[in-house]
Amino acid sequence: MIQTVTSTELPIDERLAIKKNVIAGSEPGKRLCIVTGTHGDELEGQMVCYEMARRLNESIGSLDGVVEIYPALNPLGIDTIQRGIPNFDLDMNRIFPGNPEGSVAEQMAFSIIEDLKGADLVIDIHSSNLYLRETPQARINVLDEDRLVPVATLLNLDFVWIHDAATVLEATLAHSLNSTGTPCVVVEMGVGQRINHKMCYRLVDGIFNLMREMGMWKGIVNRNAISNPIVCKGDNVEFLNAATSGIFITELKCGVVVADGEEIGQIVEPLTGAILSRVVSPVEGYLFTIRAYPIVYEGSLMARIYRMGS
């Protein structure tokens, strides 16, 4: 059943509406919310929502409880391929929990939070931006570690990154929900403005695996195909930044183990054919983020590596 979460009038005889698809099973049970589209340039979640709805509709008899799918919290951003909310110059994931008496964007954020409150679990799906490629991962505030890490390890991800509380922005959807008692885990994967089909299918399999553990899904789940992720604390991550400006060239993809001293890529000068800098791993570790956009400036983030054995 398609429902409108919030709707507001636009200047020229149009309305901005945020909608959800409520898919209810034959038996009562828990409530799981799949949320995405907060940033208009992050598109992996669109395929995840489609595939979730498709599989649920095909095997609705295997569902107990309710799955609610919110594919576009920022529909104007998706329509215009903009990260933030067009015309408002706002990052939507920096205005939660919103304000019922505030601007249009703040009112929308408030309505979203109110609609999600009380769910047994919210999964907030993001892609990376245009510049970085991420292996499928969950990001969790250390304050929510005990209740959310067991959830994240069921989602068929490669990596679970537990952030220190000081690094978590209080105005995000996830922080706002977790602060009010509604558990929310953030998933990030891929690269901006693209859809990696394999990553999406993996996450969908993971969500059904989680639903089975929650007692919501009686259907088949291939548990042998579910990954056991690396769980990482924030201070065990190495950040690699560009030593110079230029063009970044690499043959590596994220999701691999690199050796101490291994070359990850080169920053080159197209005019002269010179290698300006070599990007080298300072540790043996798991490469979970790598630069996707090849134009770099001094200080640009090139990679993030989890120090193995830490």
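Okay, quick definition before anything else: when I say pocket, I mean an open set of grid points with protein on both sides within 12 Å along at least five of seven lines, and a residue counts as lining if it has an atom within 4 Å of a point. And keep in mind that what's on screen is a predicted model.

So, the largest pocket. Its volume comes out at about 630 Å³, and 31 residues line it. If you want to find the middle of it, look for N93, R94, R139, V186 and E188, which lie nearest the centre. As for secondary structure, the elements giving two or more residues to this lining are the strands β5 (121-127), β6 (132-141), β8 (184-190) and β17 (301-307), plus one helix, α5 (173-179). Which of them gives the most? That's β6, with five residues. And the chemistry of that wall: twelve polar residues, ten nonpolar and nine charged.

Now over to the second largest pocket. Here we have about 190 Å³ of space and a lining of 15 residues. Nearest the centre you'll see R55, D205, F208, I220 and V221. Two helices give two or more residues to the lining here, α1 (44-58) and α6 (197-213). The top contributor is α6, with three residues. By class, nonpolar and polar come out at six each, and three residues are charged.

If you take away one thing per pocket: β6 gives the most to the lining of the largest one, and α6 does that job for the second largest. Okay, that's me done.

Key
Residues numbered from 1 in each chain as written. Predicted model: local features only at pLDDT ≥ 70, side-chain atom pairs only at ≥ 80, totals over all residues. Heavy atoms only, no water. 1 Å grid on protein atoms, 1.4 Å probe; cavity = no way out; pocket = protein on both sides within 12 Å on 5 of 7 lines; lining within 4 Å. Points joined across faces, edges and corners; volume = space filled by probe spheres on them. Helix = DSSP H or I, 4+ residues; strand = E, 2+ residues; numbered from the N terminus. Nonpolar A, V, L, I, M, F, W, Y, C, P; charged D, E, K, R; others polar.
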